[in-house]
Amino acid sequence: MAMASLARRKAYLLSRNFSNTSSEAVRYSFSLTSFSRGFASAGSDDNDVVVVGGGPGGYVAAIKAAQLGLKTTCIEKRGALGGTCLNVGCIPSKALLHSSHMYYEAKHAFSHHGVKFSDVEIDLPAMMSQKDKAVSNLTRGIEGLFKKNKVTYVKGYGKFISPSEISVDTIDGENKVVKGKNIIIATGSDVKSLPGITIDEKKIVSSTGALALQEIPKKLVVVGAGYIGLEMGSVWGRLGSEVTVVEFGPDIVPSMDSEIRKQFQRSLEKQGMKFMLKTKVVGVDTSGDGVKLTLEPASGGDQTSFEADVVLVSAGRVPFTSGLDLDKIGVEMDKGGRILVNERFSTNVSGVYAIGDVIPGPMLAHKAEEDGVACVEFLAGKVGHVDYDKVPGVVYTHPEVASVGKTEEQVKASGIAYRVGKFPFMANSRAKAIDNAEGLVKILAEKETDKILGVHIMASNAGELIHEAAIALQYDASSEDIARVCHAHPTMSEALKEAAMATYDKPIHI
């Protein structure tokens with residue numbers, strides 16, 4: 001059965017033409033031989049796989065490697081598994097986004113549904129405690145998965161001695177050498193700094209500091225209008241902060257489809273968020289009680305001052321490879337500090353691999369997870385593949401914005417003739433029934449074949465709805481394929497069906 005399944009996957013991948021894969025990588029990836037521990041002997045204590053980094057990419061790679069029969073060790077400097085995502089990123093931010101949304105709804109929307117309060121208060125310590133409890137439970141859960149799958153867990157900071165040896169300064173103050181026949185670098189990313197701005201995690205904070213503020217700032221400035229900045233701005237804006245977003249570029253979330261982006265910005269502005277686009281920060285003064293920013297137009301011009309209680313620096317992230325001593329073993333990197341790998345995630349150094357945020361591609365936890373699985377599948381003699389053009393992205397504000405595939409601007413630039421189908425949630429019965437009808441679904445499809453090229457959703461639950469579209473793109477489905485699938489009524493997913501109908505024919509409910 002396993003061989004048959006692998007053969008079917010081989011046929012599927014061949015049908016996809018492996019567009020981003022070299023002939024050599026394809027030849028190796030289609031090896032159907034079963035894995036055995038036939039590595040060159042390097043001592044009885046050697047691991048088949050050593051993973052440096054216990055974030056989403058690293059811990060998933062470690063578990064998958066162990067499941068495939070590989071003796072595996074994972075090294076994590078934090079002493080808590082899950083990486084940035086679980087500890088100071090995706091998970092705690094979603095906890096605060098949910099809690100702050102509940103407060104905002106109670107204060108502004110519950111009365112419309114006949115639920116009234118004499119007063120609604122914020123208990124910030126309790127909110128933070130709930131967030132911390134969620135993080136703690138999940139990190140312990142990963143440790144449990146390591147034990148279940150017999151992954152050895154080493155807590156400490158690792159650096160290369162050789163392509164098969166990692167020196168680890170443990171959190172207990174000891175040093176040990178971990179040997180591995182294959183070493184996977186999965187050390188993730190770090191906050192991108194800006195010239196002249198020193199993050200102290202008090203007045204000037206990164207996303208980490210923004211998740212742990214002890215009081216609600218009266219005025220919050222967010223430097224950078226990307227996913228993270230808008231999410232954290234939303235959290236504190238809902239709780240009462242005056243939020244101003246300063247962005248060097250002309251648009252928020254520049255990777256987003258422009259039509260969706262414009263509607264999204266209008267929605268955030270209605271919630272009270274203010275935007276200063278085409279603006280740069282040229283000076284920061286923290287000598288007073290708050291922070292005084294000096295701003296000027298991105299293209300140059302007259303300077304202005306802006307005061308805030310807290311400034312969140314959210315200008316993106318950079319690969320984290322500091323202290324790994326990659327130069328000692330000769331690992332090649334690009335100008336942006338990303339490790340260069342081939343289609344099998346192998347670096348230029350034999351036996352050394354890299355996945356996740358330290359290599360090119362979207363800096364997303366779920367992309368890192370897919371990298372990890374594919375990488376160890378290759379190591380086990382199986383087939384691994386990740387299509388970076390079909391990785392969904394989500395902004396977890398309210399409404400959420402989710403997308404997969406190409407934007408309309410990208411389709412236009414490619415020269416492909418296309419059709420567009422749209423359907424507003426104002427015409428969706430479930431959205432109207434729950435009084436949550438802001439947003440739309442937008443589908444782009446090739447005109448000649450009806451093949452779906454991209455799907456973009458703005459809705460309260462867009463992050464959940466997008467996966468039907470992701471599956472459709474993965475299998476080269478047409479808009480008619482989605483339109484002819486029976487969707488339960490009443491559901492918000494019917495909007496995706498109607499948008500598909502609008503793409504190849506006509507929708508029913510508008």
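Before you start, one bit of vocabulary: helices (H or I, at least four residues) and strands (E, at least two) are DSSP runs, numbered from the N terminus. And keep in mind as you scroll around that this is a predicted model.

1. Let's start with proline. P490 sits in the loop between α15 (479–483) and α16 (494–504). The bond that joins H489 to P490 is a cis peptide bond, with omega at about -5°. Have a look at P399 as well, in the loop that runs between β17 (393–395) and β18 (400–405). H398 and P399 are joined by a cis peptide bond too, and omega there is about 0°. These bonds are worth a second look because most peptide bonds are trans.

2. Next, some backbone angles. Most residues other than glycine have a negative phi. D325 isn't a glycine, yet its phi is positive, at about 60°. You'll find D325 in the loop between β15 (317–319) and α10 (326–329). D450 also has a positive phi without being a glycine, with a value near 70°. D450 belongs to the loop between β20 (440–446) and β21. Is D450 buried or exposed? D450 counts as buried, because its relative accessible area is 10% and the cut-off is under 20%.

3. Now on to β21 itself. I452 is part of this strand, which covers residues 452–459. Why does I452 count as buried? Because its relative accessibility is 3%, and buried means under 20%. Which residues touch I452, once you set aside its neighbours within four places in sequence? The contacts are I443, L444, A445, A472, L473, A477, S478, S479 and I482. For a sense of distance, try R261: I452 and R261 lie 191 residues apart in sequence, and their C-alpha atoms are 20 Å apart in space.

4. Then there's the second largest pocket, with a volume of about 840 Å³. Of the 28 residues lining this pocket, H101, E105, H398, D435 and N436 are the closest to its centre. You've already met H398 in the cis bond with P399. Which elements give two or more residues to the lining? Those are α5 (90–108) and α9 (258–270). The largest share, 8 residues, comes from α5. By class, the lining has 10 nonpolar, 11 polar and 7 charged residues.

5. Since α5 keeps turning up, let's see what it packs against. Helix α8 (residues 227–238) packs against α5 at an angle of about 35°, and the two axes are 9 Å apart. The crossing of α5 and α8 is left-handed. On the α5 side, the contact is made by S93, K94, L96, L97, S100, H101, Y103 and Y104, which meet E231, M232, S234, V235 and R238 in α8. Sorted by class, the residues of this contact are 6 nonpolar, 4 polar and 3 charged. Notice H101 here, since it was also listed among the residues closest to the centre of the pocket.

6. Helix α5 also meets α6 (124–148). Their axes come within 9 Å and cross at roughly 145°, and here the crossing is right-handed. From α5 come I91, P92, A95, L96, S99 and S100, and from α6 come M127, M128, Q130, K131, V135 and L138. This contact has 8 nonpolar, 3 polar and 1 charged residues. L96 and S100 are worth clicking on: they take part in this contact, and they are also in the contact with α8.

7. Between α5 and α6 runs a loop, and H113 is found there. How does H113 score for exposure? H113 counts as partly exposed, because its relative accessible area is 46%. Leaving out residues up to four places away in sequence, H113 touches I434 and D435. D435 is another of the residues closest to the pocket centre. H113 and V420, meanwhile, are 307 residues apart in sequence and 36 Å apart in space, C-alpha to C-alpha.

8. Last point: the inside. How many cavities of 30 Å³ or more does a search of the whole structure find? The search turns up 1. The largest cavity has a volume of about 50 Å³. Its lining is made of V191, S207, I228, V313, S314, A315, G316 and R317, which divide into 4 nonpolar, 3 polar and 1 charged.

How values were computed: Residues numbered from 1 in each chain as written. Predicted model: local features only at pLDDT ≥ 70, side-chain atom pairs only at ≥ 80, totals over all residues. Heavy atoms only, no water. Buried < 20%, exposed > 50% of the residue type's maximum accessible area, 1.4 Å probe, protein only. Contact = heavy atoms within 4.5 Å. 1 Å grid on protein atoms, 1.4 Å probe; cavity = no way out; pocket = protein on both sides within 12 Å on 5 of 7 lines; lining within 4 Å. Points joined across faces, edges and corners; volume = space filled by probe spheres on them. Nonpolar A, V, L, I, M, F, W, Y, C, P; charged D, E, K, R; others polar. Axes fitted to C-alpha atoms, helices over the stretch in contact; angles between N-to-C directions. Left-handed = near helix turned anticlockwise from the far one by under 90°.
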